[in-house]
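Thanks for making time this morning. Please have the sequence and the structure open in front of you while I talk.

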Amino acid sequence: MSRVIQIQNDFTAGELDPKLRARTDLQQYSSGLTTARNVTIQPQGGAKRRPGTKFIHQLDSGAANAVRMVPFEFSVDDSYMLVFTPGKMYVYKDGALITNINGTGNNFLTVSALTASILPDMNWIQSADTLIVVHGSLPPTKIVRGANDSSWTLSTISFDFAPYFAFSISTQAGTSPFNSVSYDHIEVNSASGNIRFAAFHSGSARNIFTSSAATYENQYINVQPFGRLRVVRKVSNSVLECFAEVPLFDTTNITPGSWELETGYELTWSATRGYPRAVTFHEGRLYFGGTSTRPSTIFGSRVGNFFNFDPGEALDDAAVEATMDTGTFNAILDMYSGTHLQIFTSGGEFYVPQGFDDPITPTNLIVKAQTSFGTKPGIRVQNLDGSTLFIQRQGKALQEFIYSDTVQAYTSAKISLLSSHLLKSPIEMAVRRSTSTDEGDRLLIVNGTDGSIACYTILRSQQVIAPSEWTTDGEFINVGVDVNDIYVVVKRTVNSSVVYYTELFDSTVLLDSAKTGSAASSTTMGHLQAETIKIVRDGIVEADQTVPASPFTITFAGAATSSFQVGLNFTPEVKTLPVEPRLASGSLKGFKKRIFEVNAELFETQALTINGKEVPFRNFGASVLDDDVDEFTGIKTLHGILGYTFDGQITIGQTVPLKMTLLGIDYKVSAGQ
């Protein structure tokens with residue numbers, strides 16, 4: 001029989017994959033957990049009860065088919081969360097729904113084109129007052145914020161020039177008559193910066209271009225010995241106005257045998273050929289990526305002219321285009337503008353190399369393959385501290401795509417290597433960047449299998465990657481971050497009916513789907529009818545109540561003088577890994593163990609259980625039962641823990657919704673055969 005003292009100073013490895021239980025050799029084992037549920041891991045090492053959520057608004061029943069959340073930052077003072085359900089767009093600002101959109105009396109903008117089949121895979125980018133939305137089955141669309149919070153419009157983008165592509169090419173030689181009218185030469189004259197390509201016979205204009213304008217416009221004329229003209233418009237049956245993409249050798253009369261009409265060019269983006277699937281801005285250009293018929297091609301606009309994709313004469317500010325031909329199928333799914341233009345496809349990750357001071361131009365645009373993991377469709381990539389995070393194609397790994405100065409290339413590493421069990425068919429991902437030294441950056445991944453959220457606390461400077469799992473009474477189905485506000489859409493079953501709520505995480509709230517307030521003796525909770533709810537009034541946890549039928553009023557046991565919270569409870573749980581002290585005599589695996597004393601280091605904590613036993617926090621004194629529990633910072637000790645096990649684990653949680661921050665623990669272990 002031996003006794004040892006074990007210390008766990010921090011929890012910065014978060015919840016580790018159960019497959020790692022035997023890896024006591026890992027450095028992360030000493031700071032890892034078997035379970036980290038409904039807590040956030042702080043960069044300093046502690047585990048804190050996760051924020052609760054405030055109820056904002058109930059979405060329409062279409063949310064059962066699809067939901068998408070899009071942040072929209074209009075200015076320093078005005079930012080929004082746009083929540084899309086099929087055919088509708090709701091606007092939230094500062095945790096409240098914007099009503100009476102465009103003075104219609106509706107609390108949503110009608111967006112009929114954004115259907116249930118579009119929303120899961122739609123892609124977007126925002127600049128100033130305009131959000132550009134794309135999808136392979138949707139003409140590029142823009143949503144514009146108007147003069148105030150409730151002014152929003154949606155329209156299809158009208159391009160100054162959209163790219164064309166020869167899906168099938170045919171040529172008609174100039175020696176072959178375009179109709180029965182003969183001609184002896186073409187005269188070339190400049191007009192409005194373009195070229196007038198006119199047919200003549202013995203000095204008279206001849207009608208050889210008698211087909212419809214669509215037959216000629218945006219097709220090409222090739223001239224010998226060299227020259228290439230794009231037809232801009234049909235002026236008349238004898239005159240075509242053209243743009244010289246390759247200047248003519250000379251402008252003297254062109255004989256019938258010295259030119260040909262090249263046709264078969266179509267709009268690259270159309271209902272027939274498909275529309276772009278990805279969009280971003282990069283260094284003064286608007287980039288689109290991938291269509292159903294050209295899945296691996298990127299298109300860049302003219303510099304500063306976002307809706308003009310005219311290649312012109314391939315000058316530096318002209319539109320650009322490149323196709324990734326690698327021998328494997330690479331459908332573009334997302335793009336990100338960082339130091340370089342990064343391109344994420346179904347089969348791998350790419351970037352456009354450029355020098356520090358060198359812009360992308362038509363003459364230097366190339367796309368280089370880097371890694372070959374592939375991205376899961378529908379989940380937008382996120383950038384954090386210079387690395388771009390993406391969910392691998394199969395949905396089983398969280399990868400980072402980061403540039404290495406050592407090898408002068410991008411590399412990928414698995415962020416979720418030690419916590420892959422927390423990824424369960426991911427459907428959405430968002431990043432909330434830290435706003436103080438008391439918190440790390442949070443990466444939030446919504447799981448489609450069980451509606452949980454995998455929350456990664458990340459602090460790259462300290463090599464902290466600390467995952468935990470968030471659950472609720474229901475399922476999280478989408479998440480979005482508006483600057484520093486985390487919005488979620490939650491599927492709940494209330495009074496035997498399935499409902500979809502927009503809610504907001506709030507660090508001051510201890511409950512879910514909560515309503516909060518100041519001085520009051522009651523509140524209405526119609527959104528939780530017939531549900532059992534918790535009440536925290538002036539920091540005092542009152543007895544549970546069931547929300548009655550209309551008017552859904554919850555009356556407090558005592559009137560709140562400063563604050564109240566009413567909502568659904570959730571339970572935090574922190575469970576240590578099996579104890580494995582480093583002893584000179586060797587491992588304690590296979591030995592039965594009993595933890596007979598635990599010292600929990602706490603910070604501003606009001607309630608705690610250790611292995612199911614309540615830790616006392618109240619002190620004796622006058623009117624102690626009528627006051628809230630004082631926040632405790634220091635060490636709480638629990639003795640008398642019974643029972644031998646082979647694992648020797650400690651489970652820390654709560655039975656009431658109050659503050660909890662666990663900084664670390666040390667405990668005494670008795671081991672024997």
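Which strand gives the most to the lining of the largest pocket? That is S42, with three residues, where a strand is a DSSP run of E of at least two residues, numbered from the N terminus. Before going on, I should say that this is a predicted model, in which local features need pLDDT of at least 70 and side-chain atom pairs count only at pLDDT 80 or more, while totals for chains, interfaces and linings use all residues. Residues are numbered from 1 along each chain as its sequence is written, and side-chain values use heavy atoms, with hydrogens and water left out.

The largest pocket holds about 940 Å³ of space, and of the 46 residues that line it, the closest to its centre are Lys-48, Arg-49, Pro-51, Ser-507 and Thr-508. A pocket here is an open set of points on a 1 Å grid over the protein atoms alone, where a 1.4 Å probe fits, with protein on both sides within 12 Å along at least five of seven lines, and lining residues have an atom within 4 Å of a point. Strands supplying at least two lining residues each include S5 (47-49) and S42 (497-506).

Turning to a sheet, four strands lie in the open order S32-S33-S34-S35 with antiparallel pairing, where pairing requires at least two DSSP bridges. S32 (382-384) and S35 (409-414) each have a single partner strand, so one side of each is left without a neighbour in the sheet. S32 pairs with S33 (residues 387-391) over three bridges, and Gln-382 stands opposite Leu-389 in S33.

Key: Grid points are joined across faces, edges and corners, and a volume is the space filled by probe spheres set on the points.
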